[in-house]
Amino acid sequence: MVCCDDSLVVSWLPVAVEPATVTERVVRGWRKVDRCELCCILEDSELSRPPPEDADVDQLFATYDAVLCGISDRLASPHRVRRRRGCLSSWFDAKCRSTRRECRRLERRYRKTRSANDRQQWIRTTLRRFDLHRQKEAYWQQRLMGGGRSPSSLWRSLSPLLGRDRLTSCATDHTANGYATFFARTIDAVRSDTSGLLPPPVFASATSSLASFRPCSESEVRWLIMSSPVKSSSLDPMPTFLVREFNILLPYITKMVNSSLAAGRLPTSQKHAIVTPLLKRSGLDTADMGNYRLVSNLSFMSNVVERAVASRLNDYLAANDLLPRCQSAYRRWHSTETAMLRVCSDFLKAADTRRVTLLSLLDMSAAYDCVDHSILMQRLQSTVWCLTGSNRSCPTVLGRFPTMVNYRRCWKFFSECPKGLC
């Protein structure tokens with residue numbers, strides 16, 4: 001301790017105060033849009049009238065985007081907003097926010113008036129604010145109990161408690177061209193490592209065939225829209241919650257989906273995505289592109305078409321018994337639990353007959369990124385089941401999708417081919 005009566009003691013403390021991060025983004029005030037006015041505009045637009053019979057899939061999607069973009073600019077013009085970057089907890093609701101705002105207001109009033117009455121009000125509000133931990137405990141108890149017996153819901157609730165939701169960070173120094181080059185090098189490395197091996201076997205074609213996708217009814221398209229997640233992309237001309245709200249768009253959307261199914265492809269406008277790289281876990285090298293997981297935010301209409309194709313492929317594969325009997329992935333009423341039940345059942349049967357059980361597990365890192373497109377196309381064109389298009393001069397033979405390959409991703413890969421499914 002240093003005592004000094006006549007001199008001023010000055011000290012410097014090594015405390016670094018980081019400035020608040022302010023982000024700026026473009027938003028539209030859709031919540032303030034008059035629903036009656038929007039409904040009248042949609043009724044007078046081209047989307048409420050039957051489209052031309054000779055309109056192809058590209059024209060239908062282009063008209064849909066152009067009309068809704070014009071309505072969006074008219075009713076909800078974009079504007080920029082600035083926001084301080086904050087990390088509020090999920091349990092911090094409007095009541096907690098109002099209590100904090102009231103506490104700060106009383107503090108400012110007391111510091112201005114220095115009144116004893118204002119000081120007592122500030123203290124009482126502050127003590128009431130400290131009691132918010134009870135609301136926090138009640139929130140997490142209700143959320144954990146609401147998960148029921150669903151493991152996925154339980155883990156989604158536990159991730160914020162364990163801090164796992166803060167283990168990802170967005171890359172800021174990598175570009176889209178850099179990631180494209182990185183994935184191309186990954187495929188080239190796999191090819192060079194397997195260049196001396198024998199080519200993959202080619203199996204015989206199947207007797208069953210899928211000549212075309214059956215069209216969707218309006219009720220089915222309505223079910224696909226309502227069962228899809230309520231999330232939007234910046235590529236969407238109108239938010240998803242408004243598309244779900246107005247049934248006047250349903251006939252035109254049904255025509256769009258059926259045109260895409262008949263053509264066997266997606267328009268170019270639906271092949272774009274907003275890709276966000278997220279770090280797989282904390283502590284990894286941020287300079288290594290292999291440590292990032294790319295999350296693609298697609299347009300809502302592309303997801304609707306994707307769900308329609310997936311349901312038809314699922315029905316065809318199930319009806320013709322083309323899926324492996326023990327496959328649990330990408331099948332309805334199958335999950336990790338069914339796979340574990342089958343493995344445990346085989347263990348018990350082997351133990352009853354006094355046999356030795358040997359379990360071999362294979363975990364592939366970035367399995368989807370290492371799928372060779374040429375080998376995949378060769379496999380799909382020569383094995384198990386075929387798909388032909390009536391609007392093509394040559395039949396297209398597709399093989400059974402490998403067990404680890406998601407056929408919904410394969411559909412998007414085919415739609416990116418300039419020749420459709422050929």
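Helices (H or I, at least four residues) and strands (E, at least two) are DSSP runs, numbered from the N terminus. This is a predicted model, in which local features need pLDDT of at least 70 and side-chain atom pairs count only at pLDDT 80 or more, while totals for chains, interfaces and linings use all residues. Residues are numbered from 1 along each chain as its sequence is written, and side-chain values use heavy atoms, with hydrogens and water left out.

**Exercise 1. The chain as a whole**

Task: State how many helices and strands the protein chain has, and what share of its residues is buried.

Solution:
- Start with the secondary structure. The protein chain has 14 helices and six strands.
- Next, fix the term. Buried means under 20% relative accessible area, exposed over 50%, and partly exposed in between (1.4 Å probe, protein chains only).
- Of the 422 residues in the protein chain, 31% are buried.
- Now take contacts, meaning heavy atoms within 4.5 Å. Among contacts in the protein chain with a separation of 6 or more, 70% join residues 24 or more positions apart.

**Exercise 2. H3 against H4**

Task: Describe how helix H3 packs with helix H4, and place Thr125 in that picture.

Solution:
- Two packed helices are described by the angle between their axes and the distance between the axes. Axes are lines fitted to C-alpha atoms, for helices over the stretch in contact, and angles run from 0 to 180 degrees between N-to-C directions.
- H3 covers residues 94–113 and H4 covers residues 116–130. Their axes come within 9 Å and cross at roughly 155°.
- Angles under 35 degrees count as roughly parallel, over 145 as roughly antiparallel, 65 to 115 as roughly perpendicular and the rest as oblique. H3 and H4 are therefore roughly antiparallel to each other.
- The H3 and H4 crossing is left-handed. A crossing is left-handed if the near helix is turned anticlockwise from the far one by less than a right angle, and right-handed if clockwise.
- Residues making the contact include Cys103, Leu106 and Tyr110 of H3, and Trp122, Thr125 and Arg129 of H4.
- By class, the contact of H3 with H4 has four nonpolar, five polar and eight charged residues. Ala, Val, Leu, Ile, Met, Phe, Trp, Tyr, Cys and Pro count as nonpolar, Asp, Glu, Lys and Arg as charged, and the others, Gly among them, as polar.
- Thr125 sits in H4. Its relative accessibility is 5%, so Thr125 counts as buried.
- Leaving out residues up to four places away in sequence, Thr125 touches Thr99, Glu102, Cys103 and Leu106.

**Exercise 3. The two sides of H8**

Task: Find the buried residues of helix H8, then say what covers them.

Solution:
- H8 spans residues 218–227, and its buried residues are Val221, Leu224 and Ile225.
- These residues cover an arc of only 95° around the axis, which puts them on the same side of H8. The arc is that of the directions from the helix axis to the C-beta atoms.
- On the other side of H8, Ser219 and Trp223 are exposed.
- The cover over the buried residues of H8 includes helix H9 (240–245), helix H10 (250–263) and helix H11 (300–319).
- H8 and H10 pack at an angle of about 95°, with axes 9 Å apart. H8 and H10 are therefore roughly perpendicular to each other.
- In this contact, Glu218, Val221, Arg222 and Ile225 of H8 meet Leu250, Pro251, Ile253 and Thr254 of H10. The classes are five nonpolar, one polar and two charged residues.

**Exercise 4. H1 against H2**

Task: Give the angle and handedness of the crossing of H1 and H2.

Solution:
- The axes of H1 (residues 35–44) and H2 (residues 57–75) come within 11 Å and cross at roughly 150°.
- H1 passes H2 in a right-handed crossing.
- Glu37, Leu38, Ile41 and Leu42 in H1 meet Leu68, Ile71, Arg74 and Leu75 in H2. They divide into six nonpolar, no polar and two charged.

**Exercise 5. Positive phi**

Task: Locate Arg114 and Arg354, and decide whether each is buried or exposed.

Solution:
- Most residues other than glycine have a negative phi.
- Arg114 has a positive phi of about 60° although it is not a glycine. Arg114 lies in the loop between H3 and H4. At 56% relative accessibility, Arg114 counts as exposed.
- Arg354 also has a positive phi, near 60°. Its loop lies between helix H12 (336–352) and helix H13 (373–380). At 79% relative accessibility, Arg354 counts as exposed.
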